[in-house]
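Colleague: Could you take me through one part of this model up close, the place where the two domains of a chain come together? I'd also like to hear about the aromatic rings while you're at it.

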Amino acid sequence: MKIFKYGDDVNTDVIFPGKYTYTITDPYEMAKHALEDLDPDFVKTVEKGDIIVAGKNFGCGSSREQAATCIKYAGVDVIIAKSFSRIFYRNCINSGLLAIECPEVVDKITKDSKIEIKREENKLIVDGVEYSYPPIPEAVRDIIDDGGLIPHLQKKFKKG
Amino acid sequence: MGKTFAEKILAKKAGKDSVVPGEIVVVKPDYVMSHDNSAAIYGKFKSIGAEKVYNPEQVLIVLDHCVPAANEKYATNHKTVREFVEKYGIKNFYDINTGVCHQVVIEKGYARPGRLIVGSDSHTVSYGALGAFSCGIGRSEAAAIWATGEIWLKVPQTIKVVFKGKLNENATAKDTMLYLIGKIGADGALYKSVEFTGEGVKEFSIADRIVFSNMSVEMGAKNGYFAPDEKTYEYLKSRGISEGEYDVILPDEDAEYEQVIEIDLSEIKPQVAKPHTVDNVAPVEEVKGTKIHQALIGTCTNGRIEDIRAAVKILEGRKVNPKVRLLVFPASMEVYMQALKEGLFEKILEAGGIVMNPGCGPCLGAHEGVLAPGEVCISTANRNFKGRMGCKEAFIYLASPETVAASAIKGEICSVEDLK
(Lines give C-alpha, C1' and ligand atoms only; values in the text may rest on other atoms or scores of the structure.)
Protein backbone atom coordinates (compact mmCIF):
# COMPACT_ATOMS: atom_id res chain seq x y z
CA MET A 1 0.00 0.00 0.00
CA LYS A 2 1.42 3.33 -1.08
CA ILE A 3 0.49 6.74 0.25
CA PHE A 4 0.07 9.72 -2.05
CA LYS A 5 0.24 12.93 -0.07
CA TYR A 6 -1.07 16.29 -1.29
CA GLY A 7 -1.65 19.77 0.13
CA ASP A 8 -4.67 22.03 0.73
CA ASP A 9 -7.46 23.00 -1.67
CA VAL A 10 -6.83 20.35 -4.34
CA ASN A 11 -9.55 21.24 -6.86
CA THR A 12 -11.55 19.08 -9.23
CA ASP A 13 -9.99 20.72 -12.29
CA VAL A 14 -6.58 19.29 -11.41
CA ILE A 15 -8.14 15.97 -10.38
CA PHE A 16 -10.11 15.57 -13.60
CA PRO A 17 -9.69 18.40 -16.15
CA GLY A 18 -12.87 20.03 -17.49
CA LYS A 19 -11.81 19.42 -21.07
CA TYR A 20 -12.47 15.69 -20.58
CA THR A 21 -15.80 15.97 -18.79
CA TYR A 22 -17.94 15.31 -21.87
CA THR A 23 -15.50 13.39 -24.04
CA ILE A 24 -14.54 10.57 -21.65
CA THR A 25 -17.39 8.41 -20.43
CA ASP A 26 -15.73 5.10 -19.53
CA PRO A 27 -14.65 5.05 -15.85
CA TYR A 28 -11.45 3.11 -16.58
CA GLU A 29 -10.60 5.69 -19.22
CA MET A 30 -11.32 8.42 -16.64
CA ALA A 31 -8.86 6.69 -14.29
CA LYS A 32 -6.05 7.20 -16.81
CA HIS A 33 -6.37 10.96 -16.28
CA ALA A 34 -6.75 10.94 -12.48
CA LEU A 35 -4.91 13.87 -10.85
CA GLU A 36 -3.41 14.67 -14.24
CA ASP A 37 -2.75 18.35 -13.61
CA LEU A 38 -1.71 17.85 -9.98
CA ASP A 39 0.63 14.87 -10.07
CA PRO A 40 1.36 13.29 -13.47
CA ASP A 41 3.21 10.42 -11.69
CA PHE A 42 0.06 9.31 -9.85
CA VAL A 43 -1.44 7.23 -12.66
CA LYS A 44 1.95 5.76 -13.51
CA THR A 45 2.47 4.28 -10.06
CA VAL A 46 -0.94 3.93 -8.38
CA GLU A 47 -2.02 0.40 -7.44
CA LYS A 48 -5.13 -1.13 -5.97
CA GLY A 49 -5.39 -0.35 -2.28
CA ASP A 50 -3.25 2.80 -2.28
CA ILE A 51 -4.40 5.73 -0.16
CA ILE A 52 -4.57 9.47 -0.84
CA VAL A 53 -3.84 11.79 2.09
CA ALA A 54 -4.53 15.49 1.66
CA GLY A 55 -4.95 18.81 3.43
CA LYS A 56 -8.10 20.87 3.80
CA ASN A 57 -10.92 21.33 1.27
CA PHE A 58 -9.99 18.36 -0.94
CA GLY A 59 -12.06 18.26 -4.13
CA CYS A 60 -13.15 21.90 -4.15
CA GLY A 61 -14.58 23.48 -7.27
CA SER A 62 -16.79 21.82 -9.83
CA SER A 63 -19.50 19.27 -9.00
CA ARG A 64 -18.07 16.81 -11.53
CA GLU A 65 -18.52 13.32 -10.17
CA GLN A 66 -15.71 12.06 -12.39
CA ALA A 67 -13.28 13.53 -9.83
CA ALA A 68 -14.37 10.82 -7.40
CA THR A 69 -14.92 8.20 -10.11
CA CYS A 70 -11.44 8.56 -11.63
CA ILE A 71 -9.74 8.15 -8.24
CA LYS A 72 -11.88 5.12 -7.38
CA TYR A 73 -11.20 3.39 -10.70
CA ALA A 74 -7.49 4.17 -10.41
CA GLY A 75 -7.57 1.79 -7.44
CA VAL A 76 -7.89 4.11 -4.46
CA ASP A 77 -10.71 3.25 -2.02
CA VAL A 78 -9.83 5.63 0.79
CA ILE A 79 -8.99 9.33 0.97
CA ILE A 80 -7.96 10.83 4.29
CA ALA A 81 -8.08 14.63 4.44
CA LYS A 82 -8.28 17.53 6.88
CA SER A 83 -11.60 18.39 5.22
CA PHE A 84 -13.47 17.77 1.98
CA SER A 85 -15.42 20.07 -0.30
CA ARG A 86 -19.10 19.27 0.22
CA ILE A 87 -20.10 18.16 -3.27
CA PHE A 88 -16.94 16.04 -3.61
CA TYR A 89 -17.72 14.44 -0.26
CA ARG A 90 -21.21 13.53 -1.48
CA ASN A 91 -19.73 12.21 -4.71
CA CYS A 92 -17.40 9.98 -2.68
CA ILE A 93 -20.31 8.50 -0.75
CA ASN A 94 -22.24 8.00 -3.96
CA SER A 95 -19.26 6.33 -5.63
CA GLY A 96 -18.52 4.03 -2.71
CA LEU A 97 -15.25 5.81 -1.99
CA LEU A 98 -14.46 6.18 1.71
CA ALA A 99 -13.71 9.83 2.54
CA ILE A 100 -12.27 10.11 6.04
CA GLU A 101 -12.19 13.54 7.60
CA CYS A 102 -9.50 13.46 10.27
CA PRO A 103 -7.62 16.77 10.48
CA GLU A 104 -5.34 15.78 13.35
CA VAL A 105 -3.82 12.77 11.60
CA VAL A 106 -2.90 14.27 8.22
CA ASP A 107 0.32 16.02 9.26
CA LYS A 108 1.47 12.88 11.09
CA ILE A 109 1.28 10.70 7.99
CA THR A 110 4.41 10.33 5.86
CA LYS A 111 4.92 8.33 2.69
CA ASP A 112 6.31 5.50 4.80
CA SER A 113 3.53 5.43 7.42
CA LYS A 114 1.63 2.26 8.21
CA ILE A 115 -2.11 2.91 8.05
CA GLU A 116 -4.81 0.58 9.23
CA ILE A 117 -8.48 1.47 8.91
CA LYS A 118 -11.12 0.02 11.20
CA ARG A 119 -14.24 0.99 9.31
CA GLU A 120 -16.70 -0.50 11.75
CA GLU A 121 -15.25 1.48 14.64
CA ASN A 122 -14.54 4.68 12.67
CA LYS A 123 -10.92 4.44 13.71
CA LEU A 124 -7.54 4.86 12.04
CA ILE A 125 -4.28 3.42 13.31
CA VAL A 126 -1.32 5.34 11.98
CA ASP A 127 2.15 4.08 12.95
CA GLY A 128 0.67 2.44 16.01
CA VAL A 129 -1.34 5.45 17.21
CA GLU A 130 -5.13 5.30 17.16
CA TYR A 131 -7.30 8.16 15.88
CA SER A 132 -11.10 8.44 15.72
CA TYR A 133 -12.92 10.07 12.87
CA PRO A 134 -16.54 11.24 12.77
CA PRO A 135 -18.88 8.40 11.85
CA ILE A 136 -20.65 8.46 8.52
CA PRO A 137 -24.22 9.65 9.20
CA GLU A 138 -26.51 6.70 9.82
CA ALA A 139 -28.89 7.84 7.09
CA VAL A 140 -26.31 7.49 4.33
CA ARG A 141 -24.43 4.47 5.64
CA ASP A 142 -26.65 2.18 3.57
CA ILE A 143 -25.47 3.92 0.42
CA ILE A 144 -21.82 3.25 1.21
CA ASP A 145 -22.53 -0.31 2.33
CA ASP A 146 -24.20 -0.98 -1.00
CA GLY A 147 -21.14 0.34 -2.88
CA GLY A 148 -22.60 3.69 -3.92
CA LEU A 149 -25.86 5.41 -4.73
CA ILE A 150 -26.59 3.68 -8.05
CA PRO A 151 -26.15 0.10 -6.72
CA HIS A 152 -28.12 1.19 -3.64
CA LEU A 153 -31.06 2.28 -5.79
CA GLN A 154 -30.74 -0.74 -8.07
CA LYS A 155 -31.37 -2.88 -5.02
CA LYS A 156 -34.35 -0.76 -4.03
CA PHE A 157 -35.96 -0.82 -7.47
CA LYS A 158 -35.38 -4.54 -7.84
CA LYS A 159 -37.29 -5.13 -4.64
CA GLY A 160 -40.03 -2.89 -6.05
CA MET B 1 -33.90 30.36 19.90
CA GLY B 2 -34.60 31.61 16.39
CA LYS B 3 -33.75 29.82 13.18
CA THR B 4 -31.61 30.68 10.17
CA PHE B 5 -32.94 30.70 6.62
CA ALA B 6 -31.40 27.27 5.89
CA GLU B 7 -32.93 25.74 9.02
CA LYS B 8 -36.36 27.19 8.25
CA ILE B 9 -36.55 26.22 4.60
CA LEU B 10 -35.14 22.73 5.10
CA ALA B 11 -37.56 22.09 7.97
CA LYS B 12 -40.45 23.24 5.80
CA LYS B 13 -39.41 21.15 2.81
CA ALA B 14 -38.87 18.11 5.00
CA GLY B 15 -42.28 18.55 6.60
CA LYS B 16 -40.84 19.05 10.07
CA ASP B 17 -41.53 21.65 12.73
CA SER B 18 -37.87 22.42 13.13
CA VAL B 19 -34.43 21.05 12.33
CA VAL B 20 -30.96 21.60 13.78
CA PRO B 21 -27.56 21.89 12.06
CA GLY B 22 -26.05 18.49 11.42
CA GLU B 23 -29.43 16.81 11.05
CA ILE B 24 -30.06 14.92 7.83
CA VAL B 25 -33.35 15.54 6.07
CA VAL B 26 -34.91 13.92 3.04
CA VAL B 27 -36.52 16.46 0.74
CA LYS B 28 -38.23 16.67 -2.62
CA PRO B 29 -36.57 19.59 -4.43
CA ASP B 30 -38.78 21.87 -6.51
CA TYR B 31 -36.37 21.36 -9.41
CA VAL B 32 -33.30 19.34 -10.27
CA MET B 33 -31.27 21.23 -12.83
CA SER B 34 -28.71 19.71 -15.16
CA HIS B 35 -27.00 20.71 -18.40
CA ASP B 36 -24.92 18.91 -21.00
CA ASN B 37 -24.18 16.34 -18.30
CA SER B 38 -27.82 15.23 -18.56
CA ALA B 39 -26.65 12.60 -21.07
CA ALA B 40 -24.40 11.03 -18.41
CA ILE B 41 -27.19 11.37 -15.84
CA TYR B 42 -29.53 9.59 -18.27
CA GLY B 43 -27.02 6.73 -18.44
CA LYS B 44 -27.01 6.44 -14.66
CA PHE B 45 -30.80 6.79 -14.53
CA LYS B 46 -31.19 3.86 -16.93
CA SER B 47 -28.83 1.72 -14.87
CA ILE B 48 -30.93 2.28 -11.73
CA GLY B 49 -33.79 0.36 -13.30
CA ALA B 50 -36.57 2.90 -12.73
CA GLU B 51 -39.29 2.58 -15.31
CA LYS B 52 -40.25 6.22 -15.39
CA VAL B 53 -39.15 9.65 -14.31
CA TYR B 54 -40.68 10.19 -10.88
CA ASN B 55 -41.86 13.70 -11.68
CA PRO B 56 -41.10 15.10 -15.16
CA GLU B 57 -42.07 18.59 -13.94
CA GLN B 58 -39.17 18.47 -11.48
CA VAL B 59 -36.57 17.97 -14.20
CA LEU B 60 -35.00 21.10 -15.64
CA ILE B 61 -32.40 20.89 -18.39
CA VAL B 62 -30.44 23.64 -20.14
CA LEU B 63 -27.78 22.87 -22.75
CA ASP B 64 -24.98 25.38 -22.30
CA HIS B 65 -21.58 23.85 -21.61
CA CYS B 66 -20.35 23.31 -25.12
CA VAL B 67 -22.82 24.95 -27.50
CA PRO B 68 -23.00 24.57 -30.44
CA ALA B 69 -21.24 21.21 -30.18
CA ALA B 70 -17.48 21.45 -30.77
CA ASN B 71 -17.06 17.88 -32.01
CA GLU B 72 -18.82 14.59 -32.57
CA LYS B 73 -18.68 13.57 -28.91
CA TYR B 74 -20.37 16.75 -27.73
CA ALA B 75 -22.89 16.51 -30.57
CA THR B 76 -23.78 12.94 -29.64
CA ASN B 77 -24.07 14.03 -26.03
CA HIS B 78 -26.59 16.74 -26.95
CA LYS B 79 -28.47 14.29 -29.14
CA THR B 80 -28.83 11.87 -26.23
CA VAL B 81 -30.22 14.66 -24.03
CA ARG B 82 -32.78 15.61 -26.68
CA GLU B 83 -33.84 11.98 -26.99
CA PHE B 84 -34.30 11.72 -23.23
CA VAL B 85 -36.37 14.90 -23.13
CA GLU B 86 -38.58 13.67 -25.97
CA LYS B 87 -39.05 10.19 -24.55
CA TYR B 88 -39.95 11.23 -21.01
CA GLY B 89 -41.92 14.36 -21.88
CA ILE B 90 -39.62 16.82 -20.10
CA LYS B 91 -41.18 20.24 -20.66
CA ASN B 92 -38.59 22.31 -18.81
CA PHE B 93 -35.96 21.91 -21.50
CA TYR B 94 -33.90 24.67 -23.11
CA ASP B 95 -31.79 23.90 -26.13
CA ILE B 96 -28.50 25.50 -27.15
CA ASN B 97 -30.12 28.78 -28.20
CA THR B 98 -31.13 29.84 -24.68
CA GLY B 99 -28.11 30.59 -22.51
CA VAL B 100 -26.03 29.61 -19.50
CA CYS B 101 -28.13 27.40 -17.23
CA HIS B 102 -27.97 29.57 -14.10
CA GLN B 103 -28.98 32.70 -15.98
CA VAL B 104 -31.79 30.78 -17.70
CA VAL B 105 -33.10 29.32 -14.42
CA ILE B 106 -33.32 32.86 -13.04
CA GLU B 107 -34.65 34.56 -16.20
CA LYS B 108 -37.33 31.98 -16.83
CA GLY B 109 -38.64 32.37 -13.31
CA TYR B 110 -37.69 28.97 -11.86
CA ALA B 111 -35.59 30.61 -9.16
CA ARG B 112 -37.97 32.19 -6.67
CA PRO B 113 -38.04 32.97 -2.96
CA GLY B 114 -38.63 29.87 -0.87
CA ARG B 115 -37.82 27.35 -3.58
CA LEU B 116 -35.43 24.48 -3.10
CA ILE B 117 -33.42 23.79 -6.24
CA VAL B 118 -30.54 21.37 -6.62
CA GLY B 119 -28.40 21.04 -9.70
CA SER B 120 -25.57 18.92 -10.99
CA ASP B 121 -23.43 22.00 -11.29
CA SER B 122 -21.57 23.65 -8.44
CA HIS B 123 -22.78 27.15 -9.35
CA THR B 124 -26.39 26.15 -8.69
CA VAL B 125 -25.85 28.26 -5.55
CA SER B 126 -26.66 31.30 -7.73
CA TYR B 127 -30.41 31.23 -6.97
CA GLY B 128 -29.89 32.31 -3.38
CA ALA B 129 -29.78 35.81 -4.85
CA LEU B 130 -33.57 35.59 -5.12
CA GLY B 131 -34.16 34.02 -1.72
CA ALA B 132 -34.11 30.38 -2.80
CA PHE B 133 -32.12 27.55 -1.22
CA SER B 134 -30.03 26.04 -3.98
CA CYS B 135 -26.94 23.90 -4.06
CA GLY B 136 -24.85 21.69 -6.28
CA ILE B 137 -25.04 17.89 -6.28
CA GLY B 138 -23.39 15.07 -8.24
CA ARG B 139 -24.56 13.24 -11.36
CA SER B 140 -25.59 10.06 -9.56
CA GLU B 141 -27.70 12.16 -7.21
CA ALA B 142 -29.40 13.92 -10.10
CA ALA B 143 -30.19 10.50 -11.61
CA ALA B 144 -31.52 9.39 -8.23
CA ILE B 145 -33.88 12.38 -8.10
CA TRP B 146 -35.10 11.65 -11.60
CA ALA B 147 -35.94 8.16 -10.36
CA THR B 148 -37.19 8.83 -6.84
CA GLY B 149 -37.96 12.56 -6.63
CA GLU B 150 -35.94 12.97 -3.45
CA ILE B 151 -32.50 13.60 -1.97
CA TRP B 152 -30.93 13.76 1.48
CA LEU B 153 -29.38 17.01 2.66
CA LYS B 154 -27.52 17.84 5.82
CA VAL B 155 -28.78 20.95 7.60
CA PRO B 156 -25.83 23.36 7.52
CA GLN B 157 -24.63 25.83 10.09
CA THR B 158 -24.89 29.42 8.92
CA ILE B 159 -22.45 32.28 8.49
CA LYS B 160 -23.84 35.79 8.44
CA VAL B 161 -22.03 38.31 6.26
CA VAL B 162 -22.88 41.90 7.13
CA PHE B 163 -22.17 44.60 4.55
CA LYS B 164 -21.71 48.03 6.06
CA GLY B 165 -21.33 51.39 4.35
CA LYS B 166 -21.33 51.99 0.63
CA LEU B 167 -19.08 51.01 -2.27
CA ASN B 168 -16.88 53.64 -3.85
CA GLU B 169 -17.58 54.51 -7.45
CA ASN B 170 -14.69 52.40 -8.77
CA ALA B 171 -15.59 49.26 -6.82
CA THR B 172 -18.14 46.59 -7.75
CA ALA B 173 -19.96 43.56 -6.34
CA LYS B 174 -17.32 41.33 -7.97
CA ASP B 175 -14.51 43.18 -6.21
CA THR B 176 -16.37 42.79 -2.93
CA MET B 177 -16.92 39.06 -3.39
CA LEU B 178 -13.30 38.47 -4.40
CA TYR B 179 -12.23 40.44 -1.34
CA LEU B 180 -14.46 38.31 0.91
CA ILE B 181 -13.19 35.03 -0.58
CA GLY B 182 -9.60 36.25 -0.17
CA LYS B 183 -10.32 37.13 3.43
CA ILE B 184 -11.90 33.86 4.55
CA GLY B 185 -10.30 31.46 2.06
CA ALA B 186 -11.51 28.72 -0.29
CA ASP B 187 -12.81 26.71 2.66
CA GLY B 188 -13.89 29.68 4.79
CA ALA B 189 -17.56 28.72 4.48
CA LEU B 190 -17.14 24.97 3.94
CA TYR B 191 -20.45 23.04 4.40
CA LYS B 192 -22.05 26.30 5.57
CA SER B 193 -25.04 28.30 4.49
CA VAL B 194 -24.20 31.98 3.98
CA GLU B 195 -26.64 34.84 4.52
CA PHE B 196 -25.66 38.15 2.94
CA THR B 197 -27.13 40.93 5.06
CA GLY B 198 -26.64 44.48 6.27
CA GLU B 199 -27.44 47.99 5.15
CA GLY B 200 -25.13 47.64 2.15
CA VAL B 201 -27.24 44.87 0.63
CA LYS B 202 -30.00 47.28 -0.32
CA GLU B 203 -27.69 48.95 -2.81
CA PHE B 204 -26.91 45.73 -4.64
CA SER B 205 -28.98 45.01 -7.75
CA ILE B 206 -30.24 41.50 -8.48
CA ALA B 207 -27.35 41.15 -10.98
CA ASP B 208 -24.92 42.09 -8.19
CA ARG B 209 -26.52 39.65 -5.76
CA ILE B 210 -26.16 36.84 -8.29
CA VAL B 211 -22.38 37.47 -8.32
CA PHE B 212 -22.25 36.92 -4.54
CA SER B 213 -24.51 33.87 -4.53
CA ASN B 214 -22.79 32.38 -7.60
CA MET B 215 -19.33 32.67 -6.08
CA SER B 216 -20.28 31.60 -2.56
CA VAL B 217 -19.30 28.05 -3.57
CA GLU B 218 -15.76 29.38 -4.12
CA MET B 219 -15.48 29.73 -0.35
CA GLY B 220 -17.01 26.29 0.10
CA ALA B 221 -20.57 27.37 0.90
CA LYS B 222 -23.61 25.18 0.43
CA ASN B 223 -25.79 28.15 -0.47
CA GLY B 224 -25.61 31.94 -0.53
CA TYR B 225 -28.86 33.65 0.42
CA PHE B 226 -30.21 37.18 0.19
CA ALA B 227 -33.44 37.93 2.03
CA PRO B 228 -36.01 38.99 -0.57
CA ASP B 229 -36.71 42.74 -0.53
CA GLU B 230 -38.28 45.39 -2.75
CA LYS B 231 -35.59 44.84 -5.41
CA THR B 232 -36.39 41.12 -5.48
CA TYR B 233 -40.15 41.70 -5.75
CA GLU B 234 -39.63 44.27 -8.48
CA TYR B 235 -37.43 41.85 -10.43
CA LEU B 236 -39.94 39.03 -10.08
CA LYS B 237 -42.74 41.35 -11.19
CA SER B 238 -40.72 42.28 -14.27
CA ARG B 239 -40.63 38.54 -15.03
CA GLY B 240 -44.41 38.27 -14.74
CA ILE B 241 -44.26 36.54 -11.35
CA SER B 242 -46.71 38.07 -8.92
CA GLU B 243 -46.90 38.09 -5.16
CA GLY B 244 -48.53 34.87 -4.04
CA GLU B 245 -46.55 32.87 -6.56
CA TYR B 246 -43.63 32.55 -4.21
CA ASP B 247 -42.97 31.87 -0.56
CA VAL B 248 -40.79 34.36 1.26
CA ILE B 249 -38.79 32.63 4.00
CA LEU B 250 -36.79 34.95 6.24
CA PRO B 251 -34.32 34.08 8.99
CA ASP B 252 -35.45 34.88 12.53
CA GLU B 253 -33.90 37.94 14.09
CA ASP B 254 -32.53 35.89 16.97
CA ALA B 255 -31.19 33.10 14.74
CA GLU B 256 -27.96 31.47 15.84
CA TYR B 257 -24.98 32.00 13.55
CA GLU B 258 -21.76 30.05 13.55
CA GLN B 259 -19.89 33.20 12.62
CA VAL B 260 -20.58 36.83 11.72
CA ILE B 261 -18.29 38.54 9.21
CA GLU B 262 -18.46 42.29 8.77
CA ILE B 263 -17.34 43.93 5.56
CA ASP B 264 -16.95 47.68 5.25
CA LEU B 265 -17.89 48.38 1.63
CA SER B 266 -16.24 51.79 1.62
CA GLU B 267 -12.85 50.08 1.92
CA ILE B 268 -13.22 47.87 -1.15
CA LYS B 269 -10.88 48.60 -4.05
CA PRO B 270 -10.77 46.82 -7.45
CA GLN B 271 -9.55 43.26 -6.82
CA VAL B 272 -8.21 40.30 -8.77
CA ALA B 273 -7.87 36.62 -7.93
CA LYS B 274 -4.40 35.59 -9.08
CA PRO B 275 -3.51 32.18 -10.53
CA HIS B 276 -4.29 29.41 -9.56
CA THR B 277 -6.85 29.70 -6.77
CA VAL B 278 -9.88 31.91 -6.28
CA ASP B 279 -8.78 32.90 -2.76
CA ASN B 280 -5.41 34.18 -3.99
CA VAL B 281 -6.80 37.70 -3.98
CA ALA B 282 -4.96 41.02 -4.25
CA PRO B 283 -5.83 44.61 -5.15
CA VAL B 284 -5.48 45.27 -8.91
CA GLU B 285 -2.73 47.72 -7.95
CA GLU B 286 -0.48 44.83 -6.91
CA VAL B 287 -0.51 43.07 -10.30
CA LYS B 288 -0.74 46.20 -12.43
CA GLY B 289 1.35 45.86 -15.57
CA THR B 290 0.97 42.07 -15.95
CA LYS B 291 0.75 41.47 -19.73
CA ILE B 292 -2.37 39.67 -20.94
CA HIS B 293 -3.21 37.76 -24.11
CA GLN B 294 -6.93 37.23 -23.67
CA ALA B 295 -9.74 39.02 -21.88
CA LEU B 296 -13.08 37.35 -21.26
CA ILE B 297 -16.34 39.02 -20.30
CA GLY B 298 -19.28 36.73 -19.64
CA THR B 299 -20.14 33.44 -17.83
CA CYS B 300 -22.75 32.78 -15.15
CA THR B 301 -20.87 35.17 -12.85
CA ASN B 302 -20.71 38.31 -14.99
CA GLY B 303 -22.47 37.89 -18.33
CA ARG B 304 -25.61 39.89 -17.59
CA ILE B 305 -26.74 43.02 -19.41
CA GLU B 306 -25.48 45.19 -16.53
CA ASP B 307 -22.00 43.67 -16.97
CA ILE B 308 -21.94 44.21 -20.72
CA ARG B 309 -23.13 47.80 -20.27
CA ALA B 310 -20.38 48.41 -17.71
CA ALA B 311 -17.73 46.98 -20.03
CA VAL B 312 -18.97 48.91 -23.05
CA LYS B 313 -18.82 52.14 -21.09
CA ILE B 314 -15.08 51.57 -20.88
CA LEU B 315 -14.57 50.15 -24.38
CA GLU B 316 -16.53 52.86 -26.16
CA GLY B 317 -14.30 55.12 -28.21
CA ARG B 318 -11.22 53.05 -27.36
CA LYS B 319 -9.37 50.18 -29.04
CA VAL B 320 -8.55 46.79 -27.60
CA ASN B 321 -4.78 46.34 -27.49
CA PRO B 322 -3.72 44.58 -30.73
CA LYS B 323 -1.99 41.86 -28.69
CA VAL B 324 -5.19 41.01 -26.80
CA ARG B 325 -8.19 38.90 -27.83
CA LEU B 326 -11.33 40.26 -26.15
CA LEU B 327 -14.16 37.71 -26.05
CA VAL B 328 -17.65 38.67 -24.89
CA PHE B 329 -20.17 35.95 -24.01
CA PRO B 330 -23.64 37.26 -23.09
CA ALA B 331 -25.07 34.93 -20.43
CA SER B 332 -28.29 34.28 -22.33
CA MET B 333 -30.11 34.93 -25.58
CA GLU B 334 -32.27 37.42 -23.74
CA VAL B 335 -29.16 39.33 -22.64
CA TYR B 336 -27.85 38.99 -26.20
CA MET B 337 -31.02 40.50 -27.68
CA GLN B 338 -31.04 43.33 -25.18
CA ALA B 339 -27.39 44.17 -25.85
CA LEU B 340 -28.11 44.06 -29.57
CA LYS B 341 -31.03 46.46 -29.20
CA GLU B 342 -28.95 48.84 -27.12
CA GLY B 343 -26.23 48.91 -29.77
CA LEU B 344 -23.66 47.49 -27.36
CA PHE B 345 -22.29 44.90 -29.78
CA GLU B 346 -21.49 47.54 -32.35
CA LYS B 347 -19.31 49.28 -29.78
CA ILE B 348 -17.58 46.06 -28.75
CA LEU B 349 -16.85 45.20 -32.38
CA GLU B 350 -15.63 48.71 -33.13
CA ALA B 351 -13.24 48.44 -30.20
CA GLY B 352 -11.87 45.22 -31.70
CA GLY B 353 -13.66 42.69 -29.47
CA ILE B 354 -15.45 39.50 -30.51
CA VAL B 355 -19.05 38.77 -29.52
CA MET B 356 -19.76 35.06 -29.05
CA ASN B 357 -23.02 33.16 -28.66
CA PRO B 358 -24.45 32.67 -25.16
CA GLY B 359 -22.92 29.69 -23.38
CA CYS B 360 -20.19 28.67 -20.98
CA GLY B 361 -17.58 29.11 -23.71
CA PRO B 362 -13.99 28.57 -22.62
CA CYS B 363 -14.73 28.94 -18.89
CA LEU B 364 -14.38 25.19 -18.40
CA GLY B 365 -11.80 24.68 -21.11
CA ALA B 366 -14.05 22.97 -23.64
CA HIS B 367 -13.90 25.30 -26.65
CA GLU B 368 -14.27 28.84 -27.99
CA GLY B 369 -11.15 30.49 -26.65
CA VAL B 370 -9.01 27.99 -24.75
CA LEU B 371 -5.50 29.16 -23.86
CA ALA B 372 -2.00 28.19 -25.02
CA PRO B 373 0.96 27.46 -22.72
CA GLY B 374 2.37 30.61 -21.16
CA GLU B 375 -0.66 32.73 -22.01
CA VAL B 376 -2.39 34.99 -19.53
CA CYS B 377 -6.14 35.60 -19.46
CA ILE B 378 -8.12 38.04 -17.36
CA SER B 379 -11.70 36.88 -16.98
CA THR B 380 -14.97 37.76 -15.28
CA ALA B 381 -15.56 34.06 -14.54
CA ASN B 382 -15.56 32.41 -11.13
CA ARG B 383 -12.61 29.99 -11.33
CA ASN B 384 -8.93 30.31 -12.18
CA PHE B 385 -7.73 26.81 -11.38
CA LYS B 386 -4.78 25.35 -13.22
CA GLY B 387 -6.00 23.91 -16.51
CA ARG B 388 -9.44 25.48 -16.10
CA MET B 389 -9.38 27.11 -19.53
CA GLY B 390 -8.01 24.04 -21.27
CA CYS B 391 -4.27 24.49 -20.65
CA LYS B 392 -2.44 23.74 -17.42
CA GLU B 393 0.44 26.01 -18.33
CA ALA B 394 -1.76 29.10 -18.75
CA PHE B 395 -2.54 31.75 -16.13
CA ILE B 396 -6.00 33.06 -15.26
CA TYR B 397 -6.82 36.21 -13.30
CA LEU B 398 -10.40 36.89 -12.18
CA ALA B 399 -11.81 40.40 -12.00
CA SER B 400 -14.86 42.60 -12.57
CA PRO B 401 -16.13 43.39 -16.10
CA GLU B 402 -14.79 46.93 -15.65
CA THR B 403 -11.27 45.76 -14.79
CA VAL B 404 -11.30 43.17 -17.60
CA ALA B 405 -12.38 45.79 -20.17
CA ALA B 406 -9.77 48.28 -18.97
CA SER B 407 -7.05 45.62 -19.06
CA ALA B 408 -8.06 44.61 -22.60
CA ILE B 409 -7.53 48.19 -23.74
CA LYS B 410 -4.18 48.55 -22.04
CA GLY B 411 -2.87 45.07 -22.89
CA GLU B 412 -1.92 44.59 -19.27
CA ILE B 413 -3.79 44.31 -16.01
CA CYS B 414 -4.99 47.70 -14.82
CA SER B 415 -8.01 49.32 -13.22
CA VAL B 416 -10.40 51.73 -14.91
CA GLU B 417 -8.67 54.56 -13.07
CA ASP B 418 -5.43 53.74 -14.86
CA LEU B 419 -7.00 54.51 -18.25
CA LYS B 420 -7.72 58.09 -17.30
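**Where the domains meet**

Modeller: Sure. The domain assignment splits chain B into domain 1 (5–264) and domain 2 (270–419). Keep in mind that this is a predicted model. Taken over C-alpha atoms, the centres of domain 1 of chain B and domain 2 of chain B are 24 Å apart. As for who touches whom, 34 residues of domain 1 of chain B are in contact with 36 residues of domain 2 of chain B.

Between them, domain 1 and domain 2 of chain B bury about 2,800 Å², and 58% of that is on carbon and sulfur atoms. On the domain 1 side of chain B, the residues that lose the most area to domain 2 are B:Val100, B:Lys174 and B:Leu178, which together account for 19% of what that side buries. There's charge pairing here too: two salt bridges turn up across the interface of domain 1 and domain 2 of chain B. Have a look as well at B:Arg239 and B:Glu334, whose side chains form a salt bridge at 2.7 Å, N to O.

Now for the rings. Searching the whole structure gives 28 aromatic pairs over all chains. Take A:Tyr22 and B:Tyr74: their ring centres are 6.1 Å apart and their planes sit at 45°, so this pair counts as tilted. That pair crosses between chains, running from A:Tyr22, in the loop between helix H1 (12–15) and helix H2 (27–31) of chain A, to B:Tyr74 in helix H3 (residues 72–88) of chain B. A:Tyr22 and B:Tyr74 are both buried.

A:Tyr28 and A:Tyr73 make an edge-to-face pair, 4.9 Å centre to centre with 90° between the planes. This one links distant parts of the chain, with A:Tyr28 in helix H2 of chain A and A:Tyr73 in helix H4 (residues 66–73) of chain A, 45 residues apart. A:Tyr28 counts as exposed because its relative accessibility is 54%, over the 50% cut-off. A:Tyr73, at 36%, counts as partly exposed.

Back in chain B, one aromatic cluster is made up of B:Tyr42, B:Phe45, B:Phe84, B:Tyr88 and B:Trp146. Some rings have a charged side chain over them, too. A:Arg90 lies over the face of B:Trp152, 4.0 Å from the ring centre. Within chain B, B:Lys154 lies over the face of B:Tyr191, at 6.0 Å from the ring centre.

Note on methods:
Residues numbered from 1 in each chain as written. Chains lettered and ligands numbered in written order. Predicted model: local features only at pLDDT ≥ 70, side-chain atom pairs only at ≥ 80, totals over all residues. Heavy atoms only, no water. Phe/Tyr/Trp six-rings, centres within 6.5 Å; stacked < 30°, edge-to-face > 60°. Helix = DSSP H or I, 4+ residues; strand = E, 2+ residues; numbered from the N terminus. Buried < 20%, exposed > 50% of the residue type's maximum accessible area, 1.4 Å probe, protein only. Lys NZ or Arg CZ within 6 Å of the ring centre and 35° of its normal. Domains from an automatic or database assignment. Contact = heavy atoms within 4.5 Å. Buried area = accessible area lost by both parts, 1.4 Å probe. Salt bridge = Lys/Arg side-chain N within 4 Å of Asp/Glu carboxyl O.
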